[in-house]
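Please look over the chain shown here. The report below walks through its fold, its core and a few chosen residues.

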Amino acid sequence: MDSFEGYVGIRIWDDQFVNDVIFSLLLALLIIFALVYRSNHRLFAKMMRDVFFIKERTSLFETVAGNEFVFRNFMILQTLFLASLSLYAIARACRFIDYDDVVANLSIIGIIFTITILFYLFRRFFYALVGLIFADQEKYKFWKTNYYALTGFWGVLLYIPVFWLFFVGKYILAPVFLYFLLYFLYRFWLICKTIRIFHIQGVGFLYIFLYLCGQEILPVIFLYKGIVYLYNSIERSAIWH
């Protein structure tokens, strides 16, 4: 006579396990963000002012309570991590990534995050090179402050599409559209601030076209080519299958 084993239950599918791991990562990120905000709330308020206003400091001795180095670097890393998760979620929603193994999915997120960091460092190097050669150093320093503020603010807004993509599961096109809309607005406002800070007058369409190609379009093309190469490499590799 067979013994009754009781109710076994429903097996947790692999996608749910992946979502649980990502939820843990996002929860840890939110907790760290809350701690950083608590100890640097005045720097956060200043960041918000720098996003919407262009006003240079009136005093060289003006200081804001908080650890600016920790706050700035955390906001940048938070932005890059959330952007990487967004790209991963979009790729998974479009079935470009369709792996059930948790380690494989986390490895892909790590690779995308690494590419995003390298892309960011490439842009920062290019901005620094242009600023060192062509720009007044005081204005370039002021521009960097606005650049960090816009990037950090964009990162905070990225929580909306990221949580929607991973945990809502409906109307996927809405968070995808929101992600690209936020990115477009972020880059557009950065261009407007750049023009206003450096007081570019009489530049003409040719100058603007060269700026957009060198600073905005060309780096994105490099990023797109890198992601396509990564996708093709993963598809050809037996490790991911």
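What follows goes from the whole chain down to single side chains.

**Overall fold**

This is a predicted model. The chain has eight helices and zero strands. Read from the N terminus, its elements run α-α-α-α-α-α-α-α. The chain counts 241 residues, and 37% of them are buried. Contacts between residues at least 6 apart in sequence were also sorted by separation: 79% of them join residues at least 24 apart. The exposed surface of the chain comes to about 15,500 Å². Carbon and sulfur atoms supply 70% of that area.

**Helix H3**

Helix H3 covers residues 68-93. Its 26 residues, at 1.5 Å each, should span 38 Å. The end C-alpha atoms are 37 Å apart, so the span agrees with expectation. At the start of H3, Asn67 places a side-chain oxygen within 3.3 Å of the backbone nitrogen of Phe69. Just after H3, Arg95 has a positive phi of about 65 degrees.

Ser84 also belongs to H3. Is Ser84 buried or exposed? Its relative accessibility is 0%, so Ser84 counts as buried. Leaving aside residues up to four places away in sequence, Ser84 touches Ile112, Phe113 and Thr116.

**The nonpolar core**

The largest nonpolar core holds 51 residues. Tyr88 and Tyr147 have the most contacts inside it. Helices H1, H2, H3, H4, H5, H6 and H7 each supply at least two residues of this core. H3 gives the largest share, 13 residues.

Which residues does Tyr147 touch, not counting those up to four places away in sequence? They are Tyr120, Arg124, Tyr127, Tyr186, Arg187 and Leu190.

The residue ranges of the other helices that supply this core are listed here.

| Helix | Residues |
|---|---|
| H1 | 14-39 |
| H2 | 41-52 |
| H4 | 102-134 |
| H5 | 137-157 |
| H6 | 159-168 |
| H7 | 173-198 |

**Aromatic pairs**

How many aromatic pairs does a search of the whole structure find? There are 22. One of them joins Tyr140 and Trp143. Their ring centres are 6.0 Å apart, and their planes meet at 15 degrees. Planes under 30 degrees apart count as stacked, so this pair is stacked. Tyr140 and Trp143 sit three residues apart in helix H5, so about one helical turn separates them. An α-helix has 3.6 residues a turn, so residues three or four places apart point the same way. Tyr140 and Trp143 are both buried.

Ring pairs also build a cluster. Its members are Phe23, Phe33, Tyr37, Phe44, Phe74, Tyr88, Tyr159, Phe163, Phe166 and Phe167. Tyr88, named above for its core contacts, is thus listed here too.

**Helix H6 and what follows it**

Tyr159 and Phe166 belong to that cluster, and both are buried in H6. Pro161, Val162 and Leu165 are buried in H6 as well. Ile160 lies in this helix too. Why does Ile160 count as partly exposed? Its relative accessibility is 48%, and the partly exposed class runs between 20% and 50%. Ile160 and Pro175 are 15 residues apart in sequence. In space, their C-alpha atoms are 7.8 Å apart. Gly169 follows H6 and has a positive phi, near 80 degrees.

Technical notes
Residues are numbered from 1 along each chain as its sequence is written. Side-chain values use heavy atoms; hydrogens and water are left out. Helices (H or I, at least four residues) and strands (E, at least two) are DSSP runs, numbered from the N terminus. Buried means under 20% relative accessible area, exposed over 50%, partly exposed in between (1.4 Å probe, protein chains only). Contact means heavy atoms within 4.5 Å. Accessible areas come from the Shrake-Rupley method with a 1.4 Å probe; for residues, only the protein chains shown count as cover. The expected span of a helix is 1.5 Å times one less than its number of residues. A polar contact is a pair of N or O atoms within 3.5 Å; within protein, one must be able to donate a hydrogen and the other to accept it, and residues adjacent in sequence count only if both atoms are side-chain atoms. A nonpolar core is a set of buried Ala, Val, Leu, Ile, Met, Phe, Trp, Tyr and Cys residues joined through side-chain atoms within 4.5 Å. Rings of Phe, Tyr and Trp (its six-membered ring) pair if their centres lie within 6.5 Å; planes under 30 degrees apart count as stacked, over 60 as edge-to-face and the rest as tilted.
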